[in-house]
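Good morning, and thank you for making time for this short presentation. Please have the sequence and the structure open while I speak.

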Amino acid sequence: MTTRHRQRGRRRAAATGAVLAALAVGGCSTGGPGSGPAAPASPPASPPAATRSAPAPRDTAGVTAWHKWGLKPLPPAPTPPADKPVKLSATGPVPVLSRIPTSQKVVFITIDDGQEKDPEFIEMMRDLRIPITMFLTNDVIRSDYGYFRQLQALGNHIQNHTVHHPVLSTLPPARQKEEICGDQEILTREYGTAPLLFRPPYGVYDTDTENAVAQCGPRAIVRWRESMQIHDMQYQTPGGKLHPGDIVLAHFRGPSELKGTTMTQMFAHLLKRIREQGFTVARLEDYLQAPAG
């Protein structure tokens, strides 16, 4: 083994130790922030043409549906800007996003992995029509691809989150590319559209990850500013409050991971926290301009 390879191995081992220590308190395993080169950017995968338009106006008169879930209606989402604040490029480095530059009092809900497949959550989404962006890992969704098709049919987008959910920065470049390109291929086949966004598991990535993302098709890496726990959010910025354009992380989880709380109860807590701070929820992809062609 050459000195160069030994040095690279030592660097990768040191990075692995730091990453695994961070994962004990954050990342996809707990909904925490993760680590990686911080930056701005993120794109969307368009669902089928029938669902590609802006979300239907929220039925704030239908308070019965909200009361059914123990909630008060959120304010209607504003009209998405015609001039999209994030413009994605078909070539070049991929940007990294944790928020969208906007003055509108909106936040964007993203839900990761796909382990929990609670039928009541689909019912909740049909009732409330809250837009979500799903970052799905094939290993945990392959038992029931159809579950997420039902959420996609409501106008929600499906994005890339790797095949097996590894800590990407601990893998060599070729393995990182297999994880990202593999999920891209499967999600495109199963859901009829190629993801334009990628979220690294645990929020951890390196320059090899950025290169693999660019080669596999997604045009932005998406991180987050807040992560939903069970009853409240964990904030990455001082002050413990939401800001316009923040991206919020949640997970498809059930009672075994939420200390007895169901997916719908956790999501209801999230909507309450958003409403309490005077915000509403908008669709992330409506604030992004996909590359031409």
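R273 counts as buried, because its relative accessibility is 16% and the cut-off for buried is under 20%. I should say at once that this is a predicted model. R273 nevertheless has a charged partner: it forms a salt bridge with E276, and the closest N and O atoms of the two are 2.9 Å apart. Both residues belong to helix 8, and because they are three residues apart there, about one helical turn separates them. The partner, E276, counts as exposed, at 56% relative accessibility. Salt bridges that share partners also join K68, E123 and D127 into one network.

Let me stay with that network for a moment. Within it, the side chains of E123 and K68 meet in a salt bridge, at 2.5 Å from N to O. Where do E123 and K68 lie in the chain? E123 is in helix 3 and K68 is in helix 2, which covers residues 63-68; the two are 55 residues apart, and the pair links distant parts of the chain. E123 is partly exposed, with a relative accessible area of 33%. K68 likewise counts as partly exposed, at 46% relative accessibility.

A further pair is R189 with E190, whose side chains meet in a salt bridge at 3.7 Å, N to O. R189 is exposed, with a relative accessible area of 53%. How many salt bridges does the model contain in total? The count comes to 11.

In general, side chains of opposite charge can pair when their charged atoms come close. E226 offers a case without such a pair: this residue is buried yet has no salt bridge. The nearest side chain of opposite charge is that of R225, and it is 6.1 Å away. The cut-off for a salt bridge is 4 Å, so R225 at 6.1 Å does not qualify. E226 is found in strand 7, residues 226-228. Leaving aside neighbours within four places in sequence, E226 is in contact with a set of residues that includes M233, Q234, Y235 and K241. L242, D246, I247, V248 and L249 are also among its contacts.

I turn now to the packing of the helices, beginning with helix 3. Helix 3, residues 119-128, packs with helix 5, residues 145-152, at an angle of about 10°, and their axes are 10 Å apart. The two helices are therefore roughly parallel to each other. On the side of helix 3, the contact is made by P119, F121, I122, M125 and R126. Helix 5 contributes Y147, Q150 and L151. By class, this contact has six nonpolar residues, one polar and one charged.

Helix 3 also meets helix 8, the helix with which I began. Their axes come within 8 Å and cross at roughly 35°. Helix 3 makes this contact with E120, F121, M124, M125 and L128, while helix 8 does so with M263, T264, F267, A268 and L271. The classes here are eight nonpolar, one polar and one charged. F121 and M125 of helix 3 thus appear in the contact with helix 5 and in the contact with helix 8.

Two buried positions deserve a word. T209 has its place in helix 7, residues 207-216, and counts as buried because its relative accessibility is 0%. Which residues does T209 touch, not counting those up to four places away in sequence? They are L168, Q176, I180 and F198. The other position is V167, in the loop between strand 5 and helix 6. V167 counts as buried, at 11% relative accessibility. Its C-alpha atom is separated by 8.0 Å from that of P200, although V167 and P200 are 33 residues apart along the chain.

Finally, I come to two residues with unusual backbone angles to inspect on your screens. D113 is not a glycine, and its phi is positive, near 80°. D113 is found in strand 3, residues 106-113, and counts as buried at 14% relative accessibility. K259 is not a glycine either, and its phi is positive at about 55°. Is K259 buried or exposed? At 78% relative accessibility, K259 counts as exposed. K259 lies in the loop between strand 9, residues 247-251, and helix 8, residues 263-276.

I am grateful for your attention and welcome any discussion.

Key:
Residues are numbered from 1 along each chain as its sequence is written. This is a predicted model: local features need pLDDT of at least 70, side-chain atom pairs count only at pLDDT 80 or more; totals for chains, interfaces and linings use all residues. Side-chain values use heavy atoms; hydrogens and water are left out. Helices (H or I, at least four residues) and strands (E, at least two) are DSSP runs, numbered from the N terminus. Buried means under 20% relative accessible area, exposed over 50%, partly exposed in between (1.4 Å probe, protein chains only). Lys and Arg count as positive and Asp and Glu as negative; His and the chain ends are not counted. Contact means heavy atoms within 4.5 Å. Axes are lines fitted to C-alpha atoms, for helices over the stretch in contact, and angles run from 0 to 180 degrees between N-to-C directions. Angles under 35 degrees count as roughly parallel, over 145 as roughly antiparallel, 65 to 115 as roughly perpendicular and the rest as oblique. Ala, Val, Leu, Ile, Met, Phe, Trp, Tyr, Cys and Pro count as nonpolar, Asp, Glu, Lys and Arg as charged, and the others, Gly among them, as polar.
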